[in-house]
Amino acid sequence: MDDTYDFKVFADQLADIAQWASRKGWAPATSTNYSVRLPEHAAPAFCAITSSGVDKEGFDPAQVLAVDRIGVPVNGCTLKPSAETLLHVMLYHAMGTGAVLHTHSLAAALLSRSAGECDGLKFSGWELLKGFDGVETHDCEVVLPVFPNSQDIPALAAHIETRLPRTQPCYGFLLAGHGLYVWGKDIATAKRHLEVFEFLLQCEREVRSHGYPANA
Ligand SMILES: [Zn+2]
């Protein structure tokens with residue numbers, strides 16, 4: 001069994017995602033964070049995550065660090081993990097997922113303030129819903145829960161953990177006035193889920209602002 005792993009591969013993938021999200025305009029003012037689960041044999045390292053307060057436009061893979069199962073840096077690393085690391089760690093434990101991406105797009109920030117907690121946003125009838133793992137038709141409904149924002153990240157993680165949908169597929173959530181969290185079984189899947197949600201949020205924003213275009 002191959003029990004080696006190359007941390008730089010994961011760091012490079014996260015740097016690519018961070019730079020890509022910045023180019024999309026989804027990572028203003030050093031915000032947002034990105035992580036990926038590491039192999040079991042990397043223990044005590046549990047996941048790789050972007051460090052705190054770094055501009056994402058030219059994000060350097062050297063600004064990625066490994067944290068353990070409770071979000072503490074390993075191997076004596078002095079980089080400061082994202083302030084929201086505990087939300088990532090919670091999602092790995094609660095959802096058994098492989099990668100977590102968090103963005104601050106305009107559409108996510110705006111729409112997150114218009115939906116009440118628990119009800120969240122509901123998407124149906126869009127072809128792009130098929131970009132979510134396990135969805136094979138536009139004729140379905142995907143819920144994006146909305147939770148109140150907080151600077152108390154441990155309390156926020158505990159609050160969300162008990163309220164995430166468990167009986168239906170769930171691919172992400174919004175924090176009110178803050179941004180979007182999405183996840184997937186690996187970075188490529190999480191990236192695809194992020195693109196789907198951002199597209200759907202833009203559609204929802206357009207429809208709320210202008211309605212559907214009139215038939216020509
Ligand atoms: Zn954030």
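**Exercise 1. Salt bridges in this predicted model**

Find what joins the side chains of R37 and E40, and decide whether E40 is buried or exposed.

*Solution.* Begin with the side chains: R37 and E40 meet in a salt bridge, with 3.0 Å from N to O. Then turn to accessibility: E40 has a relative accessible area of 61%. The cut-off for exposed is over 50%, so E40 is exposed. All of this is read from a predicted model, so keep that in mind as you work through the rest.

**Exercise 2. Pairs along a helix**

Work out how the salt bridges K8–D12 and R208–E204 fit the helices that hold them.

*Solution.* Step one is the distances. The side chains of K8 and D12 form a salt bridge of 3.0 Å, N to O, and those of R208 and E204 form one of 2.8 Å, N to O.

Step two is the spacing. K8 and D12 are four residues apart in helix α1, so about one helical turn separates them. R208 and E204 are likewise four residues apart, in helix α5 (residues 187-210), and so are separated by about one helical turn. The general rule is friendly here: an α-helix has 3.6 residues a turn, so residues three or four places apart point the same way.

Step three is accessibility. D12 counts as partly exposed at 25%, and R208 is partly exposed at 44%.

To finish, place these pairs in the full tally: the count comes to six salt bridges. A network of salt bridges also links D133, K185 and R192.

**Exercise 3. The buried face of α4**

Determine where the buried residues of helix α4 (residues 153-161) lie around its axis, and what they pack against.

*Solution.* First list the buried residues of α4: I153, L156, A157 and I160. Next, look down the axis of α4: its buried residues fall within an arc of 100°, so they line one face of the helix. Now look for partners: these buried residues pack against α2 (85-95), β7 (146-147) and β8 (172-175). Last, check the N-terminal end of α4, where D152 acts as a cap, with a side-chain oxygen 3.2 Å from the backbone nitrogen of A155.

**Exercise 4. The nonpolar cores**

Identify which members of the largest nonpolar core touch the most other members, and which helix gives the largest share.

*Solution.* The largest nonpolar core has 45 residues, and F132, L180, F197 and L201 touch the most other members. Helix α1 (residues 7-23) supplies the largest share of this core, eight residues. A second, separate core has 22 residues, among them V89, M90, F147 and L164.

Now zoom in on L180. Setting aside neighbours within four places in sequence, L180 has contacts that include L101, L144, F173, F197 and L201, along with H102, T103 and E198. As background, nonpolar side chains tend to be buried together in soluble globular proteins.

**Exercise 5. The sheet and a buried loop residue**

Trace the strand order of the open sheet, name its edge strands, and then describe the setting of S31.

*Solution.* The open sheet has seven strands in the order β3-β2-β1-β4-β9-β8-β7, with mixed pairing. Its edge strands are β3 (64-67) and β7, each pairing on one side only. Inside the sheet, β1 (residues 33-37) and β2 (residues 47-50) pair in the antiparallel sense over three bridges. One residue-level check: V36 has A48 in β2 as its bridge partner.

For S31, start with its place in the loop between α1 and β1. Its relative accessible area is 13%, so S31 is buried. Leaving aside neighbours within four places in sequence, S31 is in contact with K56 and H104.

Methods
Residues are numbered from 1 along each chain as its sequence is written. This is a predicted model: local features need pLDDT of at least 70, side-chain atom pairs count only at pLDDT 80 or more; totals for chains, interfaces and linings use all residues. Side-chain values use heavy atoms; hydrogens and water are left out. A nonpolar core is a set of buried Ala, Val, Leu, Ile, Met, Phe, Trp, Tyr and Cys residues joined through side-chain atoms within 4.5 Å. Buried means under 20% relative accessible area, exposed over 50%, partly exposed in between (1.4 Å probe, protein chains only). Helices (H or I, at least four residues) and strands (E, at least two) are DSSP runs, numbered from the N terminus. Contact means heavy atoms within 4.5 Å. A salt bridge is a side-chain nitrogen of Lys or Arg within 4 Å of a carboxyl oxygen of Asp or Glu. The arc is that of the directions from the helix axis to the C-beta atoms. A polar contact is a pair of N or O atoms within 3.5 Å; within protein, one must be able to donate a hydrogen and the other to accept it, and residues adjacent in sequence count only if both atoms are side-chain atoms. Two strands pair if DSSP finds at least two bridges between them.
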